[in-house]
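I opened my notebook to look up one loop residue, one core and one helix pair. Here are my entries.

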Amino acid sequence: MAPPHVEDDPSTRTPLIAAPPLPRREAARLHPLPLLVAAAFATYYHLLVAPAPSYYHSLFLSLGSNDTAAAHLRALTARPHLAGTEANAVAAEHVVSTLSFLSFPTRVTPYSVLLSYPAHRSLSLSAPGRATTAFALVQDTYPDDPNAGVSAEVVPTFLAYSASGSAAAEAVYANYGRAEDYTYLASRGVNVTGKVAIARYGKVYRGDKVINARVAGAAAAVIYTDFKDYTPGKTFPDGPWMPPTGVQVGSTFKGVGDPTTPMWASSEGCERVSIAEAMATDDMPGIPALPVSGRDGEEILQLIGGDVAPEDWQGGEGAPVYRLGPGPAVLNLTYTGNETMATIQNVIAVIEGKEEPERYVILGNHRDAWTFGAADPNSGTAALLELAQRLSKLQNKGWRPRRTIILCNWDAEEYGLIGSTEWVEENRAMLTSKTVAYLNVDIGVCNSGVDASATPQLDELLKQASKQVPNPDNGTESLYDMWMASDSSLIGRLGGGSSDYSAFVQHIGIPSVDMSIGSDYAVYHSLYDDFTWMEKYGDPMFRRHVAVASMWGLLALRLSDEEILPFNYSSYVAELEKGAVGIHERVLGMHVSLSPLHKSIKEFDRAVLKVNSELEVLQTRKFWSPWRNNPLKVRDLNDRLMMTERAFTEREGLSGRPWYKHMIYGPSLYNDYGAEVYPGVDDAIQTAKKTNTSESWQSVQHEIHRIARIISQAALVLSGELT
């Protein structure tokens with residue numbers, strides 16, 4: 001439409017004197033300086049109106065609440081809450097309602113899995129000239145126990161998945177029940193076949209203790225809590241140590257996940273093996289077994305005769321002389337288990353990322369406990385919920401993570417890492433393509449000191465984050481100072497199968513962290529792991545809960561908010577080289593070559609140098625360039641940093657243990673808690689040293705070639721190159 005004609009509008013009148021013509025110009029050119037200013041302003045506009053991520057990270061650290069952590073722990077530990085029970089469903093609802101109240105989209109993911117409960121237990125001790133003792137197998141409550149009213153809900157002392165059956169036979173003392181302990185008994189001429197083996201807790205996983213007894217020929221096994229290891233001082237409630245009737249309960253299943261769905265998820269309507277088939281696998285103990293208290297264990301050992309056990313097999317001051325047996329003590333053990341399908345509940349909450357919502361930073365802790373679970377695991381659950389409250393407050397201040405943060409509260413970890421494993425198996429393809437890192441806290445707090453393990457590319461980030469978190473026991477220091485002063489100042493590795501990081505690292509190759517404040521504590525898995533113990537001895541002011549939540553959350557914030565992932569693979573090279581030295585020392589004199597391994601480590605070292613150079617260039621451009629980095633270049637680099645850990649996995653998995661697919665880190669064949677570097681090679685060397693055949697040493701060479709190929713693949717992924 002033409003503009004309307006306005007007769008009296010001065011702008012429409014013809015001037016009396018024509019204006020001189022404008023000078024002819026080429027295409028309009030503007031001075032470059034205004035363009036630069038405009039570009040810089042557009043680039044940094046969001047910085048002018050929104051705080052930098054570091055502001056929110058500092059704010060997060062300032063928002064810690066002791067009272068919030070304590071309140072959550074009190075609520076979670078109000079009743080014993082074993083997986084599959086109504087009380088654990090109530091605990092799950094507490095987690096769901098807390099996360100939902102914070103406006104995080106939250107859901108429950110259930111699975112039907114095989115759990116184990118005790119139906120009947122009995123144990124008696126007899127010896128010539130002595131009346132038979134029938135053990136009560138009960139943990140006594142303590143004076144003024146606030147949980148006395150609900151202590152009847154605590155599951156009777158048992159070892160989950162033990163075989164149902166009876167055995168009445170002479171007792172044999174097996175020290176810690178390790179494979180080498182049974183080797184020593186054989187060397188001393190002690191016949192374990194058909195006997196009842198008694199071993200003390202410590203050194204190796206309890207399931208390995210029972211399986212080792214079975215392999216040695218024992219008809220049944222008893223595991224006791226030795227006073228030397230668990231009661232060197234005043235007992236609870238007068239001190240932190242295990243009371244005389246305290247019993248450590250737990251699982252004896254050596255597998256991972258639901259026993260009826262090995263290698264696949266327990267999804268609705270899925271394929272399953274029968275309960276009988278599941279209970280008959282080598283991952284199950286296969287013989288009846290029971291845990292007993294230190295008091296009951298000492299009474300048994302007093303009546304065992306035979307040769308005196310070695311000095312390092314003996315008990316502490318005041319203990320009787322430990323002898324090897326067999327007999328004359330006779331143990332009559334009966335156990336009947338109830339293996340049944342039960343529903344477990346994982347709780348999942350999502351904080352969607354703004355720029356990269358399809359990249360996940362996952363935080364996980366389990367909720368189920370053998371009894372009240374104040375330290376294991378609900379100190380971690382309380383920290384997770386306290387951390388979530390802080391993240392909600394950041395959102396109210398305008399923060400949104402760059403990448404998606406997922407908060408996970410697992411179920412049935414105690415039985416065999418079941419909840420986390422089923423979720424990982426069900427979501428394997430999504431998780432392998434999208435997950436940046438998994439951050440695990442199981443026991444959040446149990447005493448002083450810092451205990452941390454990680455895949456090596458996260459070592460430096462762990463140290464940096466710990467320097468920003470205050471020491472909960474000394475306000476003038478950092479958590480890093482506390483860590484360096486503790487017995488566990490080194491960063492451990494995630495090869496053992498002791499917590500929910502297992503599926504993430506060992507099955508699908510996700511960079512991961514596991515951490516806690518404190519490590520071992522005496523009342524572990526007993527009646528006495530309650531709120532009173534935590535309030536008196538574990539964390540009286542709940543500052544340690546706040547500290548572990550701060551460390552955990554800060555790691556998550558940096559991994560979710562920083563444009564370039566804060567990974568550093570330099571220490572991975574040192575780890576690979578250290579593992580190679582260990583192999584060399586064990587194969588000296590044998591026809592085994594480590595040349596393929598050394599060659600692949602050099603390739604990986606070159607890839608690390610290359611990616612470090614690229615990171616340096618990008619960080620320099622980040623500082624100087626107003627146009628910022630090329631987003632595709634940053635994305636490519638982040639993908640390589642993220643996917644390199646995946647390249648350390650192999651589809652076929654470890655020989656004989658196919659679920660474990662990580663070729664660099666895995667559990668020891670003879671100790672599920674023990675972390676091994678190059679676990680496949682370790683398995684092969686142990687077999688070769690037993691059989692000493694040319695074929696077995698060829699298997700060692702084959703395993704070395706396998707890990708060399710894997711490391712070479714990882715080098716290609718990290719460098720972003722094709723051959």
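I started with Asp258, which I found in the loop between β7 (250-251) and α8 (275-279). Helices (H or I, at least four residues) and strands (E, at least two) are DSSP runs, numbered from the N terminus. I noted that this is a predicted model: local features need pLDDT of at least 70, side-chain atom pairs count only at pLDDT 80 or more, and totals for chains, interfaces and linings use all residues. Residues are numbered from 1 along each chain as its sequence is written, and side-chain values use heavy atoms, with hydrogens and water left out.

Is Asp258 buried or exposed? Asp258 counts as buried because its relative accessibility is 1%. Buried means under 20% relative accessible area, exposed over 50%, and partly exposed in between (1.4 Å probe, protein chains only).

Next I listed contacts (heavy atoms within 4.5 Å). Leaving aside neighbours within four places in sequence, Asp258 touches residues including Ser112, Arg272 and Glu422.

Then I turned to the largest nonpolar core. A nonpolar core is a set of buried Ala, Val, Leu, Ile, Met, Phe, Trp, Tyr and Cys residues joined through side-chain atoms within 4.5 Å. This one has 209 residues, and Leu115, Tyr415 and Phe604 touch the most other members. Helix α18 (residues 543-561) gives the largest share, 10 residues.

I checked Leu115 too. Leaving aside neighbours within four places in sequence, its contacts include Ala83, Tyr161, Tyr415 and Ile418.
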